[in-house]
Amino acid sequence: MVSADPAAGILVTSRPLDEYCGLFGLTRRALCAALAAGPLLDCPGGAAALVAEVRHLGGRAVAVDPEYARMARMEARARAGRDAMAAHARAAPEISTAALSGRPEAYLRSWDRARELFAADVTDHPEDYVAAALPRLPFRGGTFGLTLSSYLLFAYPEVFGPAEQLAGLLELVRVTAPGGEVRVYPLHDSAGRRSPHLDRVRRSLGHHRVGSSLLRLPGPGGRPRTVLVLKRAAR
Ligand SMILES: C[S@@+](CC[C@H](N)C(=O)[O-])C[C@H]1O[C@@H](n2cnc3c(N)ncnc32)[C@H](O)[C@@H]1O
């Protein structure tokens, strides 16, 4: 079926906690330490295992995704997301093998495990999976000690232009504790093109008293990875 809704092209993916740690430059220890200031927010959560795995580590995380309003179709959408990644790995083996640490099959199995953890955790702890969409989240200001946002605001420029990116980032900062931080990855689209709006969005964040920095990390295959880190400026 052809859809006129560009948001319909957004994949539902199912990453495990260790992949999140790698994407955002966090160790498990650093992630747990950040939770002293409040729970972790995963927005968008997709079918990730982050909430379940943080729970196993003794912490609390909350995931937000509009698809949680249609939980019955989550499994099918997450499976489709996994299949799309598998097709991508087959179509561009040289790129995807580097990006997937040289082990596409093991990588896809990690997504399968994460999807299963997610499904079991949603059943046991539905309160930690909140159906909502950026730029409006149903939480009081300063609720979360650490907020992670992967593969949304800059990954789908056909859905999120600079105004939507700014509004989404400001909302993530609003719900994060003043001493906490927001980390966002990637800052490029699916073709690897860096967002042309990033510098403008960062300047606008500054006008809203939100400090931003770029954290450069070594990525798989020697390719660097850049994470946007946001903090409220001190008053
Ligand atoms: C590619 S997945 C990313 C999931 C997860 N963060 C990860 O890295 O695997 C993108 C998710 O964004 C969700 N989404 C779409 N529009 C959204 C919005 N306005 N606010 C929050 N999430 C949204 C989709 O339902 C989808 O599950």
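Select residues 74-91, which form helix α4 in this predicted model. The helix has 18 residues. From its first C-alpha to its last it reaches 25 Å, close to the 26 Å expected at 1.5 Å a residue.

Stay on α4 and color Met74, Ala78, Gly81 and Arg82, which are buried. These residues cover an arc of only 95 degrees around the axis, which puts them on the same side of α4. Now turn to the other side of α4 and pick out Ala76, Asp83, Ala87, Arg90 and Ala91, which are exposed. To see part of what covers the buried residues of α4, add α6, residues 104-124.

Next, the strands. Select β2, residues 61-64. Which residues of β2 point one way, and which the other? Ala61 and Ala63 point one way, whereas Val62 and Val64 point the other way. All of them are buried. In a regular strand the side chains alternate between the two faces of the sheet.

Add strand β1, residues 40-42. β1 and β2 pair in the parallel sense, over 3 bridges. To find a point where they meet, label Asp42, which stands opposite Ala63 in β2.

Now add strand β4, residues 144-150. β1 and β4 run parallel and are joined by 3 bridges. Here, label Leu40, which stands opposite Leu146 in β4. How many residues of β4 are buried? The count is 7 of the 7, so β4 is largely enclosed by the rest of the structure.

Go on to strand β5, residues 176-185. β4 and β5 run parallel, with 6 bridges between them. Two pairs are worth labeling. Phe144 stands opposite Thr176 in β5, and the bridge partner of Ser150 is Tyr185 in β5. β5 is mostly covered, with 7 of its 10 residues buried.

Keep Ser150 selected and show the ligand. Which residues around the ligand are the closest? They are Thr13, Pro44, Gly46, Ala133 and Ser150. Ser150 therefore appears twice on this tour, since the residue has a bridge partner in β5 and is also among the closest to the ligand. Expand the selection to the whole shell, where 18 residues surround the ligand. Colored by type, the shell divides into 12 nonpolar, 3 polar and 3 charged residues.

Key
Residues numbered from 1 in each chain as written. Predicted model: local features only at pLDDT ≥ 70, side-chain atom pairs only at ≥ 80, totals over all residues. Near = placed C-beta within 6 Å. Nonpolar A, V, L, I, M, F, W, Y, C, P; charged D, E, K, R; others polar. Helix = DSSP H or I, 4+ residues; strand = E, 2+ residues; numbered from the N terminus. Expected span 1.5 Å × (residues − 1). Buried ≥ 20, exposed ≤ 12 C-beta atoms within 10 Å, placed from the backbone. Arc of directions from axis to C-beta. Contact = placed C-beta atoms within 7 Å. Pairing = 2+ DSSP bridges.
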